[in-house]
Amino acid sequence: MPVYEYRCSSCQKKSSFFVKSFNDALTPVCASCGGREMSRVFSSFAYHKSLATVHEESGDPYQPGEDYYKDPRNIGRWTEKKFQDLGMEMPSQVQDMIQAARDGQMPESVKDLQPGVTEV
Ligand SMILES: [Zn+2]
C-alpha cells in the first residue's frame with residue numbers, strides 16, 4: 001500500500017497517509033494541528049523500498065491486481081515464479097527479455113512466454 005508523506009506548512013510536522021492506490025485522490029490534513037496546507041514529502045522510505053517490498057505490495061503474481069502491471073518491476077514476475085516453482089533455471093535470453101521489458105521495451109514474445117512449452 002503506497003504511503004504518502006506530507007509536511008504541514010503551519011507546524012512543519014510530517015504526517016503519513018496510506019492510500020489504496022496511486023490513483024486515489026488524497027486530501028491530506030495535518031495530524032498535529034489539523035492544517036490543510038500540506039506539501040508532499042518524497043521520503044527515502046517510499047522511494048528506496050526493496051524489490052521484495054514492491055512485490056509484496058503489488059500482490060500475488062498469479063492474481064495480478066489492476067495496478068500490478070503499472071509497475072514495470074513486476075514485468076516477468078509470473079514467468080520468474082513459474083520457473084522457480086518448476087525448479088528450473090531461467091534461460092538467459094528470457095532474463096534479458098524481462099530485463100528489457102522492465103526497462104520499457106515490451107517484446108511481443110514475453111507476453112506469451114510459457115516455461116516448458118518452448119520448442120527447442
Ligand atoms: Zn500542522
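**Close-up views of a zinc site and its sheet**

The structure holds zero disulfides, and the views below, taken from a predicted model, show where four of its cysteines are engaged instead: at a zinc ion.

**View A. Four cysteine sulfurs surround the zinc ion.** The SG atoms of Cys-8, Cys-11, Cys-30 and Cys-33 are the protein donors, at 2.2 to 2.4 Å from the metal. Angles among these four donor atoms run from 104 to 122°, and the site is tetrahedral. For comparison, the ideal angle for four tetrahedral donors is 109.5 degrees.

**View B. The zinc ion links distant parts of the chain through Cys-8 and Cys-33.** Along the sequence, the donor residues follow the spacing C-x2-C-x18-C-x2-C. Cys-8 belongs to strand β1 (residues 3-8), while Cys-33 sits in the loop between β2 (14-18) and β3 (38-41), 25 residues away.

**View C. Donor residues vary in their exposure.** Cys-8 is buried because its relative accessible area, 1%, is under the 20% cut-off. Cys-11, at 29% relative accessibility, is partly exposed, and Cys-33 is also partly exposed, with a value of 43%.

**View D. Three strands form an open sheet in the order β2-β1-β3.** Pairing is antiparallel, and the twist averages 35° from one strand to the next. At the edges stand β2 and β3; each has a single partner strand, so one side of each lacks a neighbour in the sheet.

**View E. Strand β1 meets β3, with Cys-8 taking part in the pairing.** Four bridges join these two antiparallel strands. Here Cys-8, also a zinc donor, has Met-38 of β3 as its bridge partner.

Notes
Residues are numbered from 1 along each chain as its sequence is written. This is a predicted model: local features need pLDDT of at least 70, side-chain atom pairs count only at pLDDT 80 or more; totals for chains, interfaces and linings use all residues. Side-chain values use heavy atoms; hydrogens and water are left out. Donors are N, O and S atoms within 2.8 Å of the metal (3.2 Å for Na, K and Ca); water is not among the atoms, so sites may look incomplete. Four donors count as tetrahedral if all angles lie between 85 and 135 degrees; four count as square planar and six as octahedral if opposite donors are over 155 degrees apart and all others between 65 and 115; anything else is irregular. Buried means under 20% relative accessible area, exposed over 50%, partly exposed in between (1.4 Å probe, protein chains only). A disulfide is a pair of cysteine sulfur atoms within 2.5 Å. Two strands pair if DSSP finds at least two bridges between them. Axes are lines fitted to C-alpha atoms, for helices over the stretch in contact, and angles run from 0 to 180 degrees between N-to-C directions.
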